[in-house]
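Reader: I would like a close look at one part of this model, the sheet and the helices that lie against it, with a word on the helical packing elsewhere. Please take me through it in a connected way.

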Amino acid sequence: MQHVCTAVGVSERRACEVLGQARATQRYEPDVIEAKVRLRARTIELALAYGRYGYRRVTGLLQAEGWAVGPKRIERIWRQEGLKVPKRQRPRKRLWLADGSCLRLRPTHKDHVWAYDFVKCRTHDGRPLRLLTIVDEYTRECLAIDVGRRLNSEDVLARLAWLFVYRGVPEHIRSDNGSEFTANAVRAWLARLGVKTLYIAPGSPWENGYNESFNGKLRDELLNGEIFMSLTEARVLIERWRRHYNGVRPHSSLGYMPPAPVAMLVASPGSAPPRRETRAGHHALLGRDGPGAQ
């Protein structure tokens, strides 16, 4: 239009009238709102900070920060910026009995069913690390992650004793058939406290699905992307991730809300003292002569 006005020597009004173009269209300038620019920048920032999060989980983080946005809008930004959406995991079938009921006990309230399991990784020098993870199946909260070179049934008892004091005693606790969980001392102690044990079938990790899902997120979002130079560094970084998981990270099955929002956290039971201190402090709960007392 500017070229026509210059070449023919007519006004913009006359040129628009002849060419049949509305002057409002001619003079329209895109309205780039500062908030849109900040939203796009924040979306990219979160995508870079949490590389394994998709746009739905990033939407949850933005909503927690106070942004009034929906997943469709963030998806458009996601694709315009060429951000990579993590691949979906293949869904697994559930276990069902002949009468249509589910074989696995389903949690119905907080502290109804806890689950625990071990995860393995290594430090930079190749030495092994062992992680004991404990989750509440109903709230999806990670109650504790203990990190050590070696963890045995005494460590399991020490951690459970700490949680029972500061969190409360669950009705059931689910695990595989590892020797640390099936030890006579562990089973007898749980029985004295009225905690029912749920052992999954050998070679069937999907029966402990809540804990296995959590362990997968732990490995995908932290362990696969970190090189731990020492045991102390591993403990610090893993505890920091656990707190982020509980208080900030949106959980898809909770409507993209974190399991334990920061505003609701009064004390963190996962940050217990080392095993030797915990074991000495809980002899009264474990039994007068220690975990092995009958």
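Author: What covers the buried residues of H5 includes H4 and H6, and since this is a predicted model, the description that follows concerns computed geometry. Within H5, which spans residues 55-65, the buried positions are Tyr55, Arg57, Val58, Thr59, Gly60, Leu61 and Leu62. Just after H5 comes Gly66, whose phi is positive, at about 110°.

The two covering helices also pack on each other: H4 (residues 34-49) and H6 (residues 71-80) have axes 10 Å apart and meet at an angle of about 70°, and they are therefore roughly perpendicular to each other. On the H4 side the contact is made by Lys36, Leu39, Arg40, Thr43 and Ala47, which meet Arg73, Ile74, Ile77, Trp78 and Gln80 of H6. By character, the residues of this contact of H4 with H6 divide into 5 nonpolar, 2 polar and 3 charged.

Turning to the sheet, its 5 strands form an open arrangement in the order E3-E2-E1-E4-E5, and the pairing is mixed. Strand E3 (142-148) and strand E5 (196-199) stand at the edges with a single partner strand each, so one side of each is left without a neighbour in the sheet. Neighbouring strands of this sheet are turned against each other by 20° on average, direction ignored.

Within the sheet, strand E1 (residues 113-122) and strand E2 (residues 128-136) pair in the antiparallel sense over 9 bridges, and Phe118 has Leu132 in E2 as its bridge partner. Helix H10, residues 209-221, lies across E1, E2 and E3 and runs at about 35° to E1. Helix H11, residues 231-247, packs on the sheet as well, where H11 touches E2 and E3 and has a direction that makes about 170° with that of E3. Edge strand E3 is thus touched by H11, although one side of E3 has no neighbour in the sheet.

As for the setting of these parts, the protein has 13 helices and 5 strands, and buried residues make up 41% of its 294 residues. Of the contacts between residues at least 6 apart in sequence, 60% join residues at least 24 apart. The protein exposes about 17400 Å², of which carbon and sulfur atoms supply 52%.

Terms used:
Residues numbered from 1 in each chain as written. Predicted model: local features only at pLDDT ≥ 70, side-chain atom pairs only at ≥ 80, totals over all residues. Heavy atoms only, no water. Axes fitted to C-alpha atoms, helices over the stretch in contact; angles between N-to-C directions. Helix = DSSP H or I, 4+ residues; strand = E, 2+ residues; numbered from the N terminus. Parallel < 35°, antiparallel > 145°, perpendicular 65-115°, else oblique. Contact = heavy atoms within 4.5 Å. Nonpolar A, V, L, I, M, F, W, Y, C, P; charged D, E, K, R; others polar. Pairing = 2+ DSSP bridges. Buried < 20%, exposed > 50% of the residue type's maximum accessible area, 1.4 Å probe, protein only. Areas by Shrake-Rupley, 256 points an atom, 1.4 Å probe, with all protein chains shown as cover.
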